[in-house]
Amino acid sequence: MARADLARFPRRRYSPAPSPIAFLPHFTKALGGPRVWIKRDDTLGLFPGGNKTRKLEFLVADALQQGCDTLVTCGAPQSNHCRITLSAAVHEGLRCRFVIEERIPGSYRDDANGNHFLFRLMGVEDLTVVPAGTDMAAAMRRVADDVAAQGRKAYVIPGGGSNALGGLGYVACAQELAQQMKEQDLRFDRVVVGSGSSGTHGGLVAGFLAEGLDVPITGVGVSRDPADQAPLVLREAQAVCDLLELGVTVPAEKVRCVGGYWQPKYSVPNAAMVEAVQLLARTEAILLDPVYTGKIMAGLIGMARSGEIGRDEDVLFVHTGGMPSLFAYRDVLAP
Ligand SMILES: *Cc1c(COP(=O)(O)O)cnc(C)c1O
């Protein structure tokens, strides 16, 4: 199979260096194994960045190439994706508008802390709040039409930046990881990553295939159980492979999803998330977030305790960011 040639795609660079990989000795000891390593994608650029930083390198480059002056995207009230898209817009001298889906009725508050505060601080041009179940693509098209009516040009980025182009960000991550493993002589039995809008998980699956990196990837769902999540991830991975013209059909067994850690609902806290956030903060001084990485790490902890992850494994946890939303959940995390 052809190696993924990312140089064919326009790209902006938002991070100064590869995100570091570190071993977590105290956390590993507290768990009693497996040996847990972390890839610090929470330290990426557009600080405080995260997985969306990687996707936006390709998406924003495309917007600029098309001569757009406004980024339009969507997300939940505490969306990291919206905040990092706004950071990219400010950085590039573009304007930015959001459509916010109030997935939990009444959860949108204009005086909310966390990401919402940062939307206002960094000067989002406009923000439309719509109820759960709204057709988000149609809502964003209406915003784009409104921008066009002012003689400007909008670039619409889907939720989470998860289309084929955004997924290239995690092909780039796979290449970076393969290089680090070689240079630092690291081996992993498994990678654990979050699985939401699926660009991260699907992009990694595509990237591992293209790199010939034969390490299983476990995607911990943040909003869906495997029966609903796996087809989304498979479709994303295939779209990324097709965009790269790899000439490959992604085998369904490469997509492994785990459920049971996101309930009762996307973005709503549970006890395992609270334990995970507190444990990593108190053993390693690394901050997870309540909506994504806290639940994803709860998945890793749960699989370690159930024996699904062996005590002797070396597991790489991909920290996808999200720290600002901690500040909107302090009541649950440090009561
Ligand atoms: C968006 C996000 C995810 C999920 O990534 P997807 O590409 O949407 O699946 C995980 N962690 C954090 C912190 C995020 O903001």
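The following dialogue asks what supports each description of this predicted model.

Reader: What makes domain 1 and domain 2 separate parts of the protein chain?

Author: The domain assignment gives domain 1 as 21-50 + 163-333 and domain 2 as 51-161. The centres of domain 1 and domain 2, taken over C-alpha atoms, are separated by 24 Å.

Reader: How many residues of domain 1 are in contact with domain 2?

Author: On the side of domain 1 there are 31 residues, which are in contact with 27 residues of domain 2. Contact here requires heavy atoms within 4.5 Å.

Reader: Which strands make up the open sheet of six strands, and in what order?

Author: The order is β1-β2-β10-β7-β8-β9, and the pairing is mixed. Neighbouring strands of this sheet are turned against each other by 30° on average, direction ignored.

Reader: Why do β1 and β9 count as edges?

Author: β1 (21-23) and β9 (256-258) each have a single partner strand, so one side of each is left without a neighbour in the sheet.

Reader: How do you know that β1 and β2 pair?

Author: A pair of strands needs at least two bridges. β1 and strand β2 (residues 35-39) have three bridges, in the antiparallel sense; therefore they meet the requirement of at least two bridges. Within this pairing, I21 has K39 of β2 as its bridge partner.

Reader: Which helix lies across β1, β2 and β10?

Author: Helix α6 (residues 164-183) lies across these strands, with β10 spanning 314-318. Helix α6 runs at about 125° to β2.

Reader: What is the strand order in the open sheet of four strands?

Author: That sheet has the order β5-β4-β3-β6, with parallel pairing. Its edges are β5 (126-131) and β6 (154-156); each has a single partner strand, so one side of each lacks a neighbour in the sheet. From one strand to the next, the twist averages 20°.

Reader: How do you know that β4 and β5 pair?

Author: The same kind of count applies: at least two bridges are needed. Strand β4 (residues 95-102) is joined to β5 by six bridges, and the two run parallel. R97 stands opposite D126 in β5. Helix α5 (residues 136-149) lies across β3 (70-75), β4, β5 and β6, and runs at about 150° to β4.

Reader: How many residues surround the ligand, and which are the closest?

Author: There are 16 residues around the ligand, and the closest are K52, K55, S197, T200 and T320.

Reader: What makes the approach of S197 to the ligand a polar contact?

Author: A polar contact is a pair of N or O atoms within 3.5 Å. A polar side-chain atom of S197 lies 2.5 Å from an oxygen atom of the ligand, so the distance falls within 3.5 Å. A polar backbone atom of G196 is 2.7 Å from an oxygen atom of the ligand. For N51, an N or O atom in the side chain is 3.0 Å from a ligand oxygen atom. The ligand taken alone exposes 380 Å², and the protein buries 98% of that.

Reader: Where are the cis peptide bonds that precede P48 and P264?

Author: The bond from F47 to P48 is cis, with omega near -10°, and P48 is placed in the loop between β2 and α2 (51-65). Q263 and P264 are also joined by a cis peptide bond, with omega about 10°. P264 is placed in the loop between β9 and α9 (271-284).

Reader: What is notable about the phi of L46?

Author: L46 has a positive phi of about 60° although it is not a glycine. L46 lies in the loop between β2 and α2.

Conventions:
Residues numbered from 1 in each chain as written. Predicted model: local features only at pLDDT ≥ 70, side-chain atom pairs only at ≥ 80, totals over all residues. Heavy atoms only, no water. Axes fitted to C-alpha atoms, helices over the stretch in contact; angles between N-to-C directions. Near = heavy atom within 4 Å. Polar contact = N/O pair within 3.5 Å; in protein donor to acceptor, adjacent residues only side chain to side chain. Areas by Shrake-Rupley, 256 points an atom, 1.4 Å probe, with all protein chains shown as cover. Domains from an automatic or database assignment.
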